[in-house]
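Reader: I should like to work through a model feature by feature. Please give the general idea at each step, and then the case at hand.

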Amino acid sequence: QVQLAESGGGSVQAGGSLRLSCVVTGYTYRPNCIGWLRQVPGKEREGVASIYRGGDDTYYADSAKGRFTISQDNAENTVSLQMNSLKPEDTAMYYCAAKPFPCGSGGWVFRPSNFPYWGQGTQVTVSS
């Protein structure tokens, strides 16, 4: 059973930075796509960034482009999300999620129902 453990959340002022990490363990076959999604109470979970484990193809939601960078360390089974120039609207619970097939394209990339494996989440709070 794939297990994901997030870390690195916290509170920061607008314009600041945070780095989230996700350690992926417990798999027989390495998941092909790892994504970061976020959710605020009362709203649907939305995608932030994803990375294809078989190469370095990366995918970003419009809200993350130019500010966030997703990367992976295969030796450590870790996928990280560097978040810069944070805004109050980035405040959310951030989840690491995995799926056993490629990330896909278009709306398929971040569709929450496509990710069968999820971490517990880490809270990010950005104050103005």
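Reader: How many helices and how many strands are there in the protein?

Author: Please keep in mind that this is a predicted model. The protein has 0 helices and 11 strands. Read from the N terminus, the order of elements is β-β-β-β-β-β-β-β-β-β-β.

Reader: How should the radius of gyration of the protein be read?

Author: The general idea is to set the value against what a compact globule would give for the number of residues. For 128 residues that expectation is near 14 Å, and the 13 Å of the protein agrees with it. Along the principal axes, the C-alpha atoms occupy a box of roughly 45 × 30 × 25 Å.

Reader: What share of the contacts in the protein joins residues at least 24 apart?

Author: The share is 59%, taken among contacts between residues at least 6 apart in sequence.

Reader: What percentage of the residues counts as buried, and how much of the accessible surface belongs to carbon and sulfur atoms?

Author: Of the 128 residues, 41% count as buried. The accessible surface comes to about 6400 Å², and carbon and sulfur atoms account for 46% of that surface.

Reader: How far apart are the mean positions of the positive and negative charges?

Author: There are 11 positive and 10 negative charges, and their mean positions are 3 Å apart.

Reader: Which residues have the most contacts inside the largest nonpolar core?

Author: In soluble globular proteins, nonpolar side chains tend to be buried together. Here the largest nonpolar core has 25 residues, and W36, L81, M83 and Y94 have the most contacts inside it. At least two residues of this core come from each of strand 3 (18-25), strand 4 (33-39), strand 5 (46-52), strand 7 (68-73), strand 8 (78-83), strand 9 (92-99) and strand 11 (122-127).

Reader: Let us turn to single residues. Is S80 buried or exposed, and which residues is S80 in contact with?

Author: The relative accessibility is read first, with buried meaning under 20%. S80 belongs to strand 8 and has a relative accessibility of 7%, so it counts as buried. Beyond its neighbours within four places in sequence, S80 is in contact with R19, L20, S21, W36, T69, I70 and S71. One of these contacts, W36, is also among the residues with the most contacts inside the largest nonpolar core.

Reader: Where does V126 lie, and which residues does V126 touch?

Author: V126 lies in strand 11 and is buried, with a relative accessible area of 5%. Not counting residues up to four places away in sequence, V126 touches V12, Q13, A14, L86, K87, P88, D90 and T91. Its C-alpha atom is 19 Å from that of C96, a residue 30 places away in sequence.

Reader: Where is N114 found, and why does N114 count as buried?

Author: N114 is found in the loop between strand 9 and strand 10 (117-118). It counts as buried because its relative accessibility is 9%. With residues up to four places away in sequence left out, N114 touches K99, F101 and W108. N114 and C103 are 11 residues apart along the chain, with their C-alpha atoms separated by 9.3 Å.

Reader: How does T25 in strand 3 count by its relative accessibility?

Author: T25 has a relative accessibility of 35% and therefore counts as partly exposed. Apart from its neighbours within four places in sequence, T25 is in contact with Q1, V2 and Q3. The C-alpha atoms of T25 and Y94, which are 69 residues apart along the chain, are separated by 18 Å.

Reader: What is found for E76 and N77 in the loop between strand 7 and strand 8?

Author: E76 is exposed, with a relative accessible area of 51%. Although E76 and V23 are 53 residues apart in sequence, they are 7.6 Å apart in space, C-alpha to C-alpha. N77 is partly exposed at 23% relative accessibility. For N77, phi is near 50°, a positive value in a residue other than glycine.

Reader: What is the phi value of S85, and where is S85 found?

Author: S85 is found in the loop between strand 8 and strand 9. Its phi is near 50°, again a positive value in a residue other than glycine. With a relative accessible area of 41%, S85 is partly exposed.

Technical notes. Residues are numbered from 1 along each chain as its sequence is written. This is a predicted model: local features need pLDDT of at least 70, side-chain atom pairs count only at pLDDT 80 or more; totals for chains, interfaces and linings use all residues. Side-chain values use heavy atoms; hydrogens and water are left out. A nonpolar core is a set of buried Ala, Val, Leu, Ile, Met, Phe, Trp, Tyr and Cys residues joined through side-chain atoms within 4.5 Å. Buried means under 20% relative accessible area, exposed over 50%, partly exposed in between (1.4 Å probe, protein chains only). Helices (H or I, at least four residues) and strands (E, at least two) are DSSP runs, numbered from the N terminus. The radius of gyration is taken over C-alpha atoms; the globule rule is 2.2 Å times the number of residues to the power 0.38. Contact means heavy atoms within 4.5 Å. Accessible areas come from the Shrake-Rupley method with a 1.4 Å probe; for residues, only the protein chains shown count as cover. Lys and Arg count as positive and Asp and Glu as negative; His and the chain ends are not counted. The place of a charge is taken as NZ of Lys, CZ of Arg, CG of Asp or CD of Glu.
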